[in-house]
Amino acid sequence: MQFWLNKEIALVVGGGIAACRVLDLIRGLKSQGAGVSVIGTPAATRFVTPLTFQAISGRPFHGDLFDPTLEGGMDHIRLAREADLVIIAPATADLMAKMAHGLANDLASAMLLARKGPILAAPAMNVAMWEHPATQRNVTTLARDGVIFCGPDSGSLACGEEGAGRLATVDTIIETARRLLEAKPLAGRQILLTAGPTREEIDPVRYVSNHSSGRMGWGIALAALRAGARVTLVHGPVHLPPPLGAQTIAVTSAREMYTAVIDLWEQHHASQTLDAAIMTAAVADFRPVARSPEKIKKNGSSSLSLELEANPDILLELGKRRLAANPDRRQPVIVGFAAETGAALKRGREKMARKKCDLLVINDLLEEGAGFGVATNRVTVLNHLGQEEVWPLMSKDAVGARLIQTITTLLTTPVNGGVT
Ligand code: PMT
C-alpha cells in the first residue's frame with residue numbers, strides 16, 4: 001500500500017480488445033494508492049468509452065490532442081512530465097510502430113514522444129501481428145530507446161488463435177511497474193534462498209512432511225527481487241506461483257534440497273558470486289530408513305513402526321563450508337530460521353551458535369499469527385554481534401522486506417559495523 005501512495009501513473013490505452021482488461025489494472029493501481037490518468041487512442045475508445053475510463057479512474061479522460069477547453073493545448077506535455085511512470089496497456093502493434101518512428105499525430109503518441117522518464121509497455125495483439133518482423137523490429141527499437149516490456153503472455157487469444165499475444169496479468173504489470181520505480185540497493189547481488197517443506201516418502205502413497213506453505217520464503221524472494229537482487233529459490237512442494245523474475249528449482253526431499261543448494265553454493269563459491277544464503281525451508285530432520293516400493297498394507301495390524309534416520313543439515317553444512325574457505329569473513333552472509341515451540345529465544349541462541357549463521361530469524365509456532373501457513377509472522381532476529389531485535393506482527397511480505405533491508409545493511413556497511 002505504502003509504496004504506491006501518491007505515485008502518479010499515466011496509463012496509455014491502445015485500441016485492442018485487451019483495453020477491457022485495463023479497467024482492472026486501473027482498479028488495482030488505485031486500490032494501492034496510486035493516481036491514474038488515462039490517455040486513450042481514438043481506437044481505444046471504440047472498445048471502452050471515455051465515460052467508463054473516467055468512472056473507474058475517477059479522473060477526466062484524455063483523448064484529444066486539440067481539446068479547445070484545455071488552456072494552452074499542452075495536455076500531452078503536462079501528462080508526460082507529471083507522471084512517475086507511463087504504462088502502455090495494451091501496447092498495440094500500431095501504437096508501438098508509431099512510437100518506434102517518432103510519430104505524434106494524436107494525444108497518446110504525442111505524449112509518448114514528449115516523455116523523458118520511464119515507460120512500461122504491455123503488448124497485446126494477435127500472434128501473427130506480434131511475430132511479424134515489422135513488430136519485432138519496432139520492439140527492438142523501443143527496447144533500445146529504453147522502453148521496458150512486460151509480456152505478452154502466451155495462451156488462447158481473443159481472435160481464437162493460440163500463441164504469444166495475451167496482455168500480461170494485472171498483478172504482473174503492477175509488480176513490474178513497481179520494480180521499475182523501486183530503489184535497487186541489491187543490484188548485481190545474488191541471493192540463494194530455500195523455502196517450503198520437504199517430503200520424505202514412506203511408500204508410493206505416504207510421506208513424512210510438515211505444514212510449511214512457502215509463504216515466508218516467497219515474501220523474502222519478492223523483497224530481494226524488488227531490491228534488484230538475482231534470486232535462486234530452491235523450494236519443496238508448495239502451491240504458490242513462482243515469484244516473478246526468480247530462478248526456481250523445485251525439489252521434493254531433504255536430500256534433493258541439500259544437493260541442489262550445495263551444488264549452487266559450490267558454483268557460486270568458484271566464481272565468488274554469492275552474496276547471501278537464506279535458509280527459510282522447513283527441512284524434514286528425519287526420513288524413513290527405507291522407502292517401501294509398494295504401498296504398505298495393513299494386514300490386520302493395529303500399529304506400524306517407522307524407523308527414521310537423520311537428514312543432512314543444509315544450513316550447518318553451509319556454515320562449515322564458509323568457515324573452511326574463508327575463516328575471517330562473513331561472506332556470503334548466512335541467514336537461518338528457527339521454528340520453535342516455546343523457549344524460542346534460548347533455543348534460537350543455541351541454534352545460532354551451533355549452525356554458525358550471521359542472522360537467525362526465530363518464530364515461535366505457538367504464537368498467534370506466527371509460523372506455518374498464515375500470511376503473517378512475528379519474529380525475533382538475532383545478529384552476529386549477539387544482539388536481538390523483536391519485530392512486531394507483520395505480513396510475511398513485510399518481514400521479508402525488513403529482513404532484506406537488514407541483509408543489505410550487512411552487505412553494504414564497512415567492516416566494523418557490518419560483516420567482515
Ligand atoms: O512456509 P511458511 O508456511 O510461510 O512457514 C514459515 C516457516 C515457519 C517454515 C519459517 O518461518 C521457518 O521457521 N523456517 C525454518 C523451519 C525449520 O526447519 O526450522 P528448524 O529450527 O528446524 O531449522 C533451523 C534452520 O536449519 C532452518 O534455517 C532450516 O532451513 C535449517 N535446516 C534444518 C534442518 C535441515 N536438515 N537442514 C537445514 O538446513
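A polar contact is a pair of N or O atoms within 3.5 Å; within protein, one must be able to donate a hydrogen and the other to accept it, and residues adjacent in sequence count only if both atoms are side-chain atoms. This is a predicted model, where local features need pLDDT of at least 70, side-chain atom pairs count only at pLDDT 80 or more, and totals for chains, interfaces and linings use all residues. Residues are numbered from 1 along each chain as its sequence is written, and side-chain values use heavy atoms, with hydrogens and water left out.

The table lists contacts made by oxygen atoms of the ligand.

| Protein partner | Distance |
|---|---|
| R215, polar backbone atom | 3.3 Å |
| A339, polar backbone atom | 3.2 Å |
| S213, side-chain N or O atom | 2.7 Å |

The protein covers 96% of the 770 Å² of accessible area (Shrake-Rupley method, 1.4 Å probe) that the ligand has on its own.

Around the ligand stand 27 residues (a heavy atom within 4 Å). S212, M279, A281, K351 and N363 come nearest. By type, the shell holds 12 nonpolar, 9 polar and 6 charged residues, with Asp, Glu, Lys and Arg counted as charged and Gly among the polar ones. Strand β16 (333–340) is one of the elements that supply at least two shell residues (strands are DSSP runs of E, at least two residues). β16 gives the largest share, 4 residues.

Salt bridges come next. The whole structure has 21 of them (a side-chain nitrogen of Lys or Arg within 4 Å of a carboxyl oxygen of Asp or Glu). In one, R59 pairs with E8, with the closest N and O atoms 2.7 Å apart.
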